[in-house]
Amino acid sequence: MKQLNLFIDADDTLLDFDVSETKAITQTLKDYDILSYNGIIESYKRNNLKAWKLFEKGGITRDDISTMRFKWVFSEFNIQGIDLNKINTTYWNYLAKQAYVIDGAEDFLKHVYGKHNLYVVTNGTAFIQDSRFALSGLDKYFKSRYISENLNTRKPEKAFFDYIEKDIKGLNKETSYVIGDSLSSDIQLGINAGVKTIWFNREEKQNNKDIEPTYEVRDFYELSNLIDRLSEE
């Protein structure tokens, strides 16, 4: 059996970001007495996703994300007088306390732990991801977490994986796989790095992008079987 190197995305692959985000932004808006605006949570989620997609493309910085998403929301609802940095800090502190593991994730990690080398690759903010993984109980399965903020780069840039190659001495790219739910972030990272990819498509999304994963799975059962098969090839 071959020992594989599995580079696994965090949010919406291992951790349920939607649940975490909803709880954190709901409490934040409640603290600032603006939760009553109809559709404001949906607006935040939409604008947050927009900001992160711009970040992936290098269009804005991480600091820009923190303020621009709230700026766009407040502009939409004509809300004034709220300090963007302060409300973002409030949101971050709530988000850092949210750690919801996707069903089947820990069973999968238990299945591959000890057989393969496991690493986290994420674009998340460092202190938030460190806190959430500690709370989730998943931390013990991973050799390292590679977080874009610490690496001073981002998925899907090749520089992200270049850092990993320098950090893991003797890394064999032929037995390395990037696993994640995002075509534009995770799968494109693997393509840019020249390693195989596994699209974790549990929501059964249509691939309308010119980004082709090496493999596609719909759940952790399929992923476990695929990893077993790949390690035997």
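Helices and strands are here runs assigned by DSSP, with a helix having at least four residues and a strand at least two, numbered from the N terminus. In these terms, Pro 156 sits in the loop between helix 7 and helix 8 (158-167) of this predicted model. The peptide bond that joins Lys 155 to Pro 156 is cis, with an omega of about 10°. Most peptide bonds are trans, and most residues other than glycine have a negative phi. The second half of that rule will be useful again further on.

Helix 1 is a good place to start a tour of the helices. It comprises 15 residues, 17-31, which at 1.5 Å a residue should span 21 Å; the C-alpha atoms at its ends are 21 Å apart, so expectation and model agree. At the N-terminal end, Asp 16 acts as a cap, with a side-chain oxygen 3.2 Å from the backbone nitrogen of Asp 18. Just after the helix, Asp 33 takes a positive phi of about 60°.

Which residues of helix 1 are buried? They are Phe 17, Ser 20, Glu 21, Ala 24, Ile 25, Thr 28 and Leu 29. Because these residues cover an arc of only 145° around the axis, they lie on the same side of helix 1. The spacing of the numbers fits a simple rule: an α-helix has 3.6 residues a turn, so residues three or four places apart point the same way. The packing partners of the buried residues of helix 1 are helix 2 (40-56), helix 3 (62-77), helix 4 (84-95) and helix 6 (126-136).

Two of these partners, helix 2 and helix 3, also pack against each other, at an angle of about 145° and with their axes 9 Å apart. The crossing of helix 2 past helix 3 is right-handed. On the helix 2 side, the residues that meet helix 3 include Tyr 44, Trp 52 and Phe 55. Among those contributed by helix 3 are Phe 70, Trp 72 and Phe 77.

Helix 6 can be read in the manner of helix 1. Its buried residues are Ala 126, Ile 128, Gln 129, Arg 132, Phe 133 and Ser 136. Seen down the axis, they fall within an arc of 165°, and therefore line one face of helix 6. The face turned away from this buried side carries Ala 134 and Leu 135, which are exposed. Contacts of the buried residues reach helix 1, helix 4, strand 2 (117-122), strand 3 (144-147) and helix 7 (148-151). Just after helix 6 comes Gly 137, with a positive phi of about 85°.

Helix 9 (residues 183-193) holds Asp 186. Is Asp 186 buried or exposed? Its relative accessible area is 1%, and a residue counts as buried under 20%, so Asp 186 is buried. Leaving aside residues up to four places away in sequence, Asp 186 touches Asp 9, Lys 155, Val 178, Gly 180 and Asp 181. Lys 155 is the residue joined to Pro 156 by the cis peptide bond.

Two loop residues bring the text back to phi. Asp 12, in the loop between strand 1 (5-9) and helix 1, is not a glycine, yet has a positive phi of about 70°. Its relative accessibility is 23%, so Asp 12 counts as partly exposed. Glu 204 lies in the loop between strand 5 (196-200) and strand 6 (215-217), and its phi, near 50°, is likewise positive. At 52% relative accessibility, Glu 204 counts as exposed.

How values were computed
Residues numbered from 1 in each chain as written. Predicted model: local features only at pLDDT ≥ 70, side-chain atom pairs only at ≥ 80, totals over all residues. Heavy atoms only, no water. Expected span 1.5 Å × (residues − 1). Buried < 20%, exposed > 50% of the residue type's maximum accessible area, 1.4 Å probe, protein only. Arc of directions from axis to C-beta. Contact = heavy atoms within 4.5 Å. Polar contact = N/O pair within 3.5 Å; in protein donor to acceptor, adjacent residues only side chain to side chain. Axes fitted to C-alpha atoms, helices over the stretch in contact; angles between N-to-C directions. Left-handed = near helix turned anticlockwise from the far one by under 90°.
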